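Subject: Structure handover

Hi,

Here is the structure I promised to pass on to you. Please have a look at it first, and then read my notes below.

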Amino acid sequence: MGVRRAGGGAALEVVARRPIEAGEAISFSYLDEAWLAAAAVRQRRERLERELGFWCLCTRCEREMAALGG
């Protein structure tokens with residue numbers, strides 16, 4: 001992912017790691033990949049809420065919470 005500035009504005013270029021189906025939701029991580037690999041869902045969500053002010057509802061977090069019964 002990279003940011004290019006053109007004409008005083010900014011544009012974000014995102015490159016997919018796999019094909020994306022029409023209508024499929026896409027998301028990106030706000031957290032470091034190495035930390036994400038080791039962190040539990042509650043840790044990830046609490047950090048995002050504390051640092052960025054939102055509760056993550058991505059597919060991974062929702063799936064892992066469901067597995068925990070929450």
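Let me start with Glu-64, which is partly exposed at 25% relative accessibility (buried means under 20% relative accessible area, exposed over 50%, partly exposed in between, with a 1.4 Å probe and protein chains only). Before going further, please note that this is a predicted model: local features need pLDDT of at least 70, side-chain atom pairs count only at pLDDT 80 or more, and totals for chains, interfaces and linings use all residues. Residues are numbered from 1 along each chain as its sequence is written, and side-chain values use heavy atoms, with hydrogens and water left out.

Now the charged network. Glu-64 and Arg-60 meet through their side chains in a salt bridge of 2.9 Å, N to O (a side-chain nitrogen of Lys or Arg within 4 Å of a carboxyl oxygen of Asp or Glu). Both sit in helix α3, four residues apart, so about one helical turn separates them (helices are DSSP runs of H or I with at least four residues, strands are runs of E with at least two, and both are numbered from the N terminus). Arg-60 counts as partly exposed, at 30% relative accessibility. Salt bridges with shared partners join Arg-60, Glu-64 and Arg-44 into one network.

Arg-44 itself is found in helix α2, residues 41-52, and is buried, with a relative accessible area of 3%. Its side chain reaches the backbone oxygen of Ala-39 at 3.0 Å. Leaving aside residues up to four places away in sequence, Arg-44 touches Leu-31, Trp-35, Leu-36, Ala-39, Arg-60, Cys-61 and Glu-64 (contact means heavy atoms within 4.5 Å).

Close by in the sequence you will find Ala-40, in the loop between α1 (33-38) and α2. Ala-40 is partly exposed, at 42% relative accessibility. Its C-alpha atom is separated by 8.7 Å from that of Glu-64, although the two residues are 24 apart along the chain.

How many salt bridges does a search of the whole structure find? There are six. One of them links Arg-45 and Glu-62, with the closest N and O atoms 2.5 Å apart. Arg-45 lies in helix α2 and Glu-62 in helix α3 (residues 59-67), so this pair ties together parts that are 17 residues apart in sequence. Arg-45 is buried at 4% relative accessibility, whereas Glu-62 is partly exposed at 39%. Another salt bridge is formed by Arg-50 and Glu-51, whose closest N and O atoms are 3.8 Å apart. Here Arg-50 is exposed, at 61%, and Glu-51 is partly exposed, at 47%.

On to the aromatics. The structure holds one aromatic pair (ring centres of Phe, Tyr or Trp, the last by its six-membered ring, within 6.5 Å; planes under 30 degrees apart are stacked, over 60 edge-to-face, the rest tilted). The rings of Tyr-30 and Phe-54 have centres 5.2 Å apart and planes at 65°, so the pair is edge-to-face. Tyr-30 is in the loop between β2 and α1, and Phe-54 in the loop between α2 and α3, so to speak of distant parts of the chain is fair: they are 24 residues apart. Phe-54 is partly exposed, at 28% relative accessibility.

Happy to talk it through whenever suits you.

Best wishes

How values were computed. Polar contact = N/O pair within 3.5 Å; in protein donor to acceptor, adjacent residues only side chain to side chain.
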